[in-house]
Amino acid sequence: IPQKPWFYDLREVWKGYPIQSMLPSQYWYYMIELSFYWSLLFSIASDVKRKDFKEQIIHHVATIILISFSWFANYIRAGTLIMALHDSSDYLLESAKMFNYAGWRNTCNNIFIVFAAVFIVTRLVILPFWIMHCTVVYPLDLYPAFFGYYFFNFMMVVLQSLHIFWAYLIIRMAQKFITGKVVEDERSDREETDNSEEEEEAAAKNGPLSNGHPVLNNNHRKTD
């Protein structure tokens, strides 16, 4: 993406539109991204359901629609910029998750703070004030608005609304980290937290649990 002229001059996104050649790298970028979001849409049913379950469904569907429509409407240059902008923060979030699962809490928290900063800058500043300005204003200088123009930008507004929602949750988590409070996923359901607390209380009274039952003390023999 940084090697492309439209990365530095957004007016280049629409130069020669609608007749623009497609590079092999753009083709594979689209195919991989589209496959990835289809996999997320199918796998979300088996994941832990959190408070933003509906928002995740809307996000995946909107992203698939945007990728597909931009492909058919030859919005390839704008599409690659939008996907690259989203990917710039996603890998930080996945890295934080991996360190969290590995038990490296300090590393996880530090990466999460970097992720929060990148997320806010890319999705609340660059996306609406640069990218969406490019897709809303610049095309009208070349051709009159048509259905695809309105549809594409409407879906971008839906995506931006979800970004604002998640930014609110991210800022709340970052505030807890900065103030020294225990950082947990703001998307976790209350029931999930309650169950965890009940298990901890049971473990404190009866010892460790295995499949919901107390584990026998290793210092005593099991009796019939």
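**Exercise 1. State the helix and strand content over residues 27-45, and relate this stretch to the UniProt record.**

Solution. In this predicted model, residues 27-45 are 89% helix and 0% strand. The C-alpha atoms at the two ends of this stretch lie 29 Å apart. The unreviewed UniProt entry lists residues 27-45 under "transmembrane region", along with 57-76, 111-131 and 151-171.

**Exercise 2. Do the same for residues 151-171.**

Solution. Here the chain is 100% helix and 0% strand. From end to end, the C-alpha atoms are 30 Å apart. Residues 151-171 are one of the stretches that the UniProt entry lists as "transmembrane region".

**Exercise 3. Describe the packing of helix H4 against helix H5, and classify their relative direction.**

Solution. Two quantities are needed: packed helices are described by the angle between their axes and the distance between the axes.

- Step 1. Helix H4 spans residues 105-136 and helix H5 spans residues 147-178. Their packing angle is about 155°, and their axes are 10 Å apart.
- Step 2. Angles over 145 degrees count as roughly antiparallel, so H4 is roughly antiparallel to H5.
- Step 3. The handedness of the H4 and H5 crossing is left-handed.
- Step 4. The contact of H4 with H5 is made up of 23 nonpolar residues, six polar ones and one charged.

**Exercise 4. Find which two residues are joined by a cis peptide bond, and place the proline in the chain.**

Solution. The bond links tyrosine 17 to proline 18, with omega about 10°. Proline 18 sits in the segment before helix H1, which covers 24-43.

**Exercise 5. Characterise the backbone and the burial of asparagine 74: is the residue buried or exposed?**

Solution.

- Step 1. Phi of asparagine 74 is near 65°, a positive value in a residue other than glycine.
- Step 2. Asparagine 74 belongs to the loop between helix H2 (53-72) and helix H3 (76-101).
- Step 3. The relative accessible area of asparagine 74 is 18%. Buried means under 20%, so asparagine 74 is buried.

**Exercise 6. Summarise the protein chain by its elements, burial and contacts.**

Solution.

- Step 1. There are six helices and two strands in the protein chain. Along the sequence they follow the pattern α-α-α-α-α-α-β-β.
- Step 2. Of the 224 residues in the protein chain, 37% are buried.
- Step 3. Take the contacts with a separation of 6 or more: 71% of them are between residues 24 or more positions apart.

Terms used. Residues numbered from 1 in each chain as written. Predicted model: local features only at pLDDT ≥ 70, side-chain atom pairs only at ≥ 80, totals over all residues. Heavy atoms only, no water. Axes fitted to C-alpha atoms, helices over the stretch in contact; angles between N-to-C directions. Helix = DSSP H or I, 4+ residues; strand = E, 2+ residues; numbered from the N terminus. Parallel < 35°, antiparallel > 145°, perpendicular 65-115°, else oblique. Left-handed = near helix turned anticlockwise from the far one by under 90°. Nonpolar A, V, L, I, M, F, W, Y, C, P; charged D, E, K, R; others polar. UniProt positions renumbered as here; feature names shortened; annotations may be inferred. Buried < 20%, exposed > 50% of the residue type's maximum accessible area, 1.4 Å probe, protein only. Contact = heavy atoms within 4.5 Å.
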